[in-house]
Amino acid sequence: MIVLYTTERDYPWGTLRSTHASKTKVILEEKALAYRIENLPPGNLWKKPPEMLAKHPLGKVPYLEDGDLVIFDSTVINEYLDERHPSPRLMPTDPVARMRVREAENFADEAILAASLPLIWMPYWSDPAKRNAEQMEKGRELLRSRDLPFLERLLERAGAGGFICGEFSLADAPLMALAMVLEVDAMNLDAYPRVASYLQNLRARKSYRAISPRTKVADAAQTSR
Ligand SMILES: N[C@@H](CCC(=O)N[C@@H](CS)C(=O)NCC(=O)O)C(=O)O
């Protein structure tokens, strides 16, 4: 059975999860694969114990075990899952369309998951009184000034399909994590109407239940079967 190593924790303000591991969890769910979660303490992401470094050289999550294989990096894992379990296919076949999926996926990873969201999301792992409000606002400002306008353009280009590159694809996986964070943070999206309705589309997918802040850790594993 596939084992996904991640960090998830219930708080009074919602169940919080690693954004990058959530990206992989939704792909396991979309493909209805049998898997179980190995839930690491959030402190391991800083302490990086040797058993973690043995499986991921940077001591990050996610990493995934598939039998004897140990795989790290959410993008690499998701592409592996798509090739190993091609139903449903989450990558188009046309070279230009594949390039667009990778480009959007990379933007979501590099700009949103690695830069803007941590400024907002990390403070939620502390009590409200201990959160750095200025840092959180900086994260929202990065979303407003750079990320959300670009997503609006991608959605305009994508047309009627409802997802970031048209049909649901690997490029939507990191944006599921944006949907998750903005469900807790609930910043105003009136200036980004396409993004607002897109995030609602993502939250309406069955796979979203596995990462929803409303789904407790104990109830979240294997929602697809
Ligand atoms: N490129 C990696 C990034 C993974 C990542 O940064 N994960 C965060 C949790 S969402 C983490 O483990 N942070 C600890 C660290 O950066 O040392 C991926 O896509 O898997």
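This is a short walk through the domains, one helix pair, one hairpin and the ligand shell of a predicted model.

Domains to begin with. The domain assignment gives two of them. Domain 1 covers 2-89 + 208-220, and domain 2 covers 95-205. So how far apart are the centres of domain 1 and domain 2, taken over C-alpha atoms? They are separated by 19 Å.

Now the contact between them. On the domain 1 side, 19 residues take part. On the domain 2 side, 20 residues do. Which elements of domain 1 supply at least two residues each to the side that touches domain 2? There are strand S3 at 14-17, helix H1 at 19-30 and helix H4 at 74-84. H1 gives the largest share, with six residues. By residue class, that side of domain 1 has eight nonpolar, seven polar and four charged residues.

Keep S3 in view. Strand S2, residues 8-11, pairs with S3. The sense is antiparallel, and the pairing runs over four bridges. One bridge to look at: Arg 9 has Leu 16 in S3 as its partner. How many residues does the hairpin use to join S2 to S3? Two residues make that link.

Next, the ligand. Keep H1 and H4 in view too. Both are elements that give two or more residues to the shell around the ligand. Going along the chain, the shell includes Ser 18, Thr 19 and His 20. Then comes Leu 45. After that there is a run of Gly 59, Lys 60, Val 61 and Pro 62. Asp 73, Ser 74 and Thr 75 complete the list. What is the split of this shell into nonpolar, polar and charged? Three residues are nonpolar, six are polar and two are charged. So H1 and H4 appear twice in this talk: they supply residues to the side of domain 1 that touches domain 2, and they supply residues to the ligand shell.

Last, a helix pair. Helix H6 spans residues 133-158, and helix H8 spans residues 193-203. Their axes lie 8 Å apart, at an angle of about 75°. Angles of 65 to 115 degrees count as roughly perpendicular, so H6 and H8 are roughly perpendicular to each other.

Who meets whom? H6 brings Leu 148, Leu 151, Glu 152, Leu 155 and Glu 156. H8 brings Arg 194, Val 195 and Tyr 198. This contact has five nonpolar residues, three charged ones and no polar ones.

Technical notes
Residues numbered from 1 in each chain as written. Predicted model: local features only at pLDDT ≥ 70, side-chain atom pairs only at ≥ 80, totals over all residues. Domains from an automatic or database assignment. Contact = placed C-beta atoms within 7 Å. Nonpolar A, V, L, I, M, F, W, Y, C, P; charged D, E, K, R; others polar. Axes fitted to C-alpha atoms, helices over the stretch in contact; angles between N-to-C directions. Parallel < 35°, antiparallel > 145°, perpendicular 65-115°, else oblique. Near = placed C-beta within 6 Å. Pairing = 2+ DSSP bridges.
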